[in-house]
Amino acid sequence: RQEGSALTGASSAIMGFGTDFDGGRVEGETFAFDIFVEVDGNWYPLAFSGRMEGAELIGQVDIPDGTRSTFRGTRAPSE
């Protein structure tokens, strides 16, 4: 959900984890948010950032081990 420049929401992944997040931000067509995931009892931050192109989201996620991965998604319809 976007309210002004604030971004909150929930994430889920095919790996089985999901989490809510807040503290994200939107500036123009760019966005960024952090989530924390649990792996073997340890919590790790994932930093997502990217841009919106129409209904498509394109970006990257930075993983604590220094790995960067890309993603593509679709913006959820407005309620």
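**Strands 3 to 5 and their phenylalanines**

Strand 4 and strand 5 pair in the antiparallel sense, and the pairing runs over 10 bridges. Before going on: this is a predicted model. One position to look at in that pairing is Ala32, which stands opposite Ser49 in strand 5. The two strands form a hairpin with 2 residues between them, and Asp40 takes a positive phi near 55 degrees there.

Now the other side of the hairpin story. Strand 3 also pairs with strand 4, again in the antiparallel sense, over 3 bridges. Here Glu27 stands opposite Thr30 in strand 4. Strand 3 and strand 4 form a hairpin too, with 2 residues between them. In that turn, Gly28 has a positive phi of about 65 degrees.

On to the rings. A pair of aromatic rings is described by two quantities, the distance of the centres and the angle of the planes. How many aromatic pairs does the count come to? The count comes to 5. One of them is Phe21 with Phe33, which is stacked, at 4.3 Å centre to centre and with 15 degrees between the planes. Phe21 sits in strand 3, residues 18-27, and Phe33 in strand 4, residues 30-39. The two are 12 residues apart, and the pair links distant parts of the chain.

Are these two residues buried or exposed? Phe21 is buried, because its relative accessible area is 11% and the cut-off for buried is under 20%. Phe33 is buried as well, with a relative accessible area of 13%.

Phe33 has a further partner. Phe33 and Phe48 form a stacked aromatic pair, 4.9 Å centre to centre, with 5 degrees between the planes. Why does this pair tie together separate parts of the sequence? Phe33 lies in strand 4 and Phe48 in strand 5, residues 42-53, so the pair joins parts that are 15 residues apart in sequence. Phe48 is buried, at a relative accessible area of 17%.

Which residues make up the cluster? Phe21, Phe31, Phe33, Phe48 and Phe71 form one aromatic cluster.

To put the pieces together: Phe33 in strand 4 stacks with Phe21 and also with Phe48. The strands that carry these rings are paired as well, strand 3 with strand 4 and strand 4 with strand 5. That is the part I wanted to show.

How values were computed:
Residues are numbered from 1 along each chain as its sequence is written. This is a predicted model: local features need pLDDT of at least 70, side-chain atom pairs count only at pLDDT 80 or more; totals for chains, interfaces and linings use all residues. Side-chain values use heavy atoms; hydrogens and water are left out. Rings of Phe, Tyr and Trp (its six-membered ring) pair if their centres lie within 6.5 Å; planes under 30 degrees apart count as stacked, over 60 as edge-to-face and the rest as tilted. Helices (H or I, at least four residues) and strands (E, at least two) are DSSP runs, numbered from the N terminus. Buried means under 20% relative accessible area, exposed over 50%, partly exposed in between (1.4 Å probe, protein chains only). Two strands pair if DSSP finds at least two bridges between them.
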